[in-house]
Amino acid sequence: MAAKPIEGEQRAFMTGNEVVAWAALAAGADIMYGYPITPQNEIMHYWTRMAPRYDRGFLQTEDEISAGFTTVGGVLAGKRAFTATAGPGNVLMQEAMSMAEMMRLPTVVVVTQRGGPSTATVIYSQQELNLTCFGGNGEGLRIVYSTSSHQDLFNYTIKAFNTAWKYRFPTFVLGDGYQSKMREPVTIYDPATRGIVMEECRPMVGLPGIAGIDREPAHLRNTYNLEDELYDRLTASIKDYQAMIPEVVEWEACAVDDDEILVIAHGVVSRAARAAVDSLREAGIKAGYFRPITLRPFPEEALQPLAARAQRILVVESAHGQLERQVRASLYGLETPVSGYLRPGMGITPEEIIGAVQQTLRS
Amino acid sequence: MALAAQPQMPRVWRAETKPHKFCPGCGHGIILKALGEAIDALGIQERTIFGCDIGCSLLSWDFFNLDTIQTHHGRTTPVLVGIKRVRPELVVVSYMGDGGAYAIGAQHLVSSAVRNDLVTIIVVNNTQYGMTGGQMAPTTLPGQKTETTPYGRDVKLTGRPILGPELVAAVAPPGAYVARGSIANVVQLKNFIQKGLLNQIEGRGIAFIEALSACPTNWRTNAAETWRFIEKEMAAYFPTGELRTPGEAKNGQAGEGTPGAPEH
Ligand SMILES: Cc1ncc(C[n+]2csc(CCOP(=O)(O)OP(=O)(O)O)c2C)c(N)n1
Ligand code: SF4
Ligand SMILES: [Mg+2]
């Protein structure tokens, strides 16, 4: 048995892609299946350099359809398997993830958002929120963690494996090109030293004993003949999903006791939003901050009272209203006016958000 | 040609789900019988995983006393490759139609062949898309009428039928096993499938078997016409036999290690 990839805790200064590779190693991921796409590539590059030292596998597939379906195979076989992709690759990934959603397969996908639609840019965006939360011909029975820092990338990559294997819904870590490529300080650690117990991975096929003699065969399917058969299957999954929500939903808020304007942002933009809110407070402007960490399930119960208390809501995102739509849907019926500072495919600075807040308060 | 008296079911068949769900006269049941006999002969029931595609092959999702995974159209091979990479002790069988293998899943077939993945692929060639009601497939014969070629397949507009085993044989490295059998010769077909399973078990490389099959429902043929179509028209275009056997040198090269082998 190879040594642990990380002993105890270590401070490091590295790119987000490197952080993800370390986190997957630390989480005990058994294999990565992947297809090159920027800005995800270096997750594979670091993984392929480190994995053999720790007896972990890698397969470069022919496309993201195959990367998704081989990942499905890996988890069916009872292994902690993952893949990473972005943009057009995330589009192709959705076919396998819809199968994972139907069959309750604990796949883990790291998404490093790039500009869209189409090939667009290899740089950055927050335009894959809709796709990652609701891609596929289903109900979006998935878990999506939106990270804002390298520490988040490390923590939530580990957590994604546990959430996936505990609740058996496909789980996504939604990062972006900025987080992938920039370097920042991070503490990487062996999960055990923080009391994190990795969920057991149980195989769904290749079970012990002879099928039909020692036990029933595992006959796994995603196709049904009758409306009622499908409905029963989905009803059970939706019930499980709803029961899971209070256990997995995560968010962060500050300065929300007396705020006149609530700034809502996710991912890397939430850091600019937090900085903007701090500056605005210093200048005597009553701004508050809310960040959904799980975009799916969305923390609507946490947001509702905060939104009701505020006089205005400003949604800030590097997309044209993908987060804003989730916010509006969660707040349906509430009268607090919602506006957006929407910059598809563009980075957003604290100064821009301060300007947008001031303008919203004037209007 | 025909199976006169019904011999016993293969041991690996699941009696509780018989009679099976295919149409009367369908070739799928015959091919799955050959597969069942091959699994019995090799004694590998305990470690075989059966994967079926979307297409009429999906009707076999509860066919065997084997752990079974029914996947998406054309995606069965990647799922099984994903399993095999992490559980090399298992024997994985990818079972699909000609549409799944040669149209929507063609990139997976070619790539698995090039990688020499340790998987046994069985493709049911019934010259059209059975499950969706008889449209043209890559294997539809020149002039053959289907729902999307109602005046007969025009090869000028839609190309000539694909020769799947020939394609795999051309790209797979040494160690591959490639054959084409037919429901018209069940003994030979079973033999091919058994060799294909053995090729995987012995870690030599990919095994690819195309089986010429019947779809009387969409062909709209009676028994006599069905057999004539398989034995005359299909056989004339799709020659049966072994195209690649392991150990044999390809293009004069000596055999080399199999990249898909688990120990690598
Ligand atoms: C992505 C996708 N596209 C199309 C279909 C519809 N579809 C279902 S079965 C099938 C064709 C099956 O034909 P084949 O693979 O030859 O199998 P057969 O039914 O003839 O055995 C198609 C196109 C699908 N299920 N998924
Ligand atoms: S439609 Fe054709 S291939 Fe499908 S079960 Fe019926 S006869 Fe067999
Ligand atoms: Mg067909």
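This is a tutorial dialogue on reading the interfaces and ligand surroundings of a predicted model.

User: Where should I begin with the contact between chain B and chain A, and how much area is buried there?

Analyst: The size of an interface is often given as the accessible area lost when the parts come together. In this predicted model, the area buried between chain B and chain A is about 2,900 Å², with carbon and sulfur atoms giving 59% of it. In chain B, the residues that lose the most area to chain A are B:Trp61, B:Asp67 and B:His72, which together account for 20% of what that side buries. Counted by residues, the contact takes 31 from chain B and 38 from chain A.

User: Which elements of chain B supply the side that touches chain A, and how many of its residues are nonpolar, polar or charged?

Analyst: Across this interface there are 22 residue pairs in polar contact, both residues being at pLDDT 80 or more. On the chain B side, strand E2 (67–70), helix H2 (76–86) and helix H4 each supply at least two residues, and the largest share, 7 residues, comes from H2 of chain B. By class, that side has 13 nonpolar, 10 polar and 8 charged residues.

User: How many salt bridges cross between chain B and chain A, and where does the pair with B:Arg115 sit?

Analyst: The search over all chains finds 28 salt bridges in the whole structure, and 4 salt bridges are found across the interface of chain B and chain A. One pair to inspect is B:Arg115 with A:Glu62, whose closest N and O atoms are 2.9 Å apart. This pair runs from helix H4 (residues 106–115) of chain B to the loop between strand E3 (57–60) and helix H3 (64–76) of chain A.

User: Can the approach be carried over to domains, and what is the domain assignment of chain A?

Analyst: The assignment gives domain 1 (9–194) and domain 2 (251–362) in chain A, and their C-alpha centres lie 27 Å apart. In contact there are 28 residues of domain 1 of chain A and 24 residues of domain 2 of chain A. The area buried between these two domains is about 2,000 Å², of which carbon and sulfur atoms give 50%. A:Gln126, A:Leu129 and A:Ser146 supply 31% of the area that domain 1 of chain A buries against domain 2 of chain A, more than any other three residues.

User: How many salt bridges and polar contacts are counted between domain 1 and domain 2 of chain A?

Analyst: The count is 2 salt bridges between the two domains, and 18 residue pairs are in polar contact, both residues being at pLDDT 80 or more. The side of domain 1 of chain A that touches domain 2 of chain A has 12 nonpolar, 10 polar and 6 charged residues.

User: Turning to the ligands, which residues are closest to ligand 1, and what surrounds ligand 2?

Analyst: Ligand 1 is surrounded by 16 residues, the closest being B:Cys56, B:Asp98, B:Gly99, B:Gly100 and B:Gly130. A polar backbone atom of B:Gly130 is 2.7 Å from an oxygen atom of ligand 1, a backbone N or O atom of B:Gly100 lies 2.9 Å from an oxygen atom of ligand 1, and a polar side-chain atom of B:His28 lies 3.1 Å from an oxygen atom of ligand 1. Around ligand 2, the residues include B:Phe22, B:Cys23, B:His28, B:Cys56 and B:Gly130. That shell has 6 nonpolar, 5 polar and no charged residues, and helix H8 (residues 216–219) of chain B gives the most to it, with 3 residues.

Conventions:
Residues numbered from 1 in each chain as written. Chains lettered and ligands numbered in written order. Predicted model: local features only at pLDDT ≥ 70, side-chain atom pairs only at ≥ 80, totals over all residues. Heavy atoms only, no water. Near = heavy atom within 4 Å. Helix = DSSP H or I, 4+ residues; strand = E, 2+ residues; numbered from the N terminus. Nonpolar A, V, L, I, M, F, W, Y, C, P; charged D, E, K, R; others polar. Domains from an automatic or database assignment. Contact = heavy atoms within 4.5 Å. Buried area = accessible area lost by both parts, 1.4 Å probe. Salt bridge = Lys/Arg side-chain N within 4 Å of Asp/Glu carboxyl O. Polar contact = N/O pair within 3.5 Å; in protein donor to acceptor, adjacent residues only side chain to side chain.
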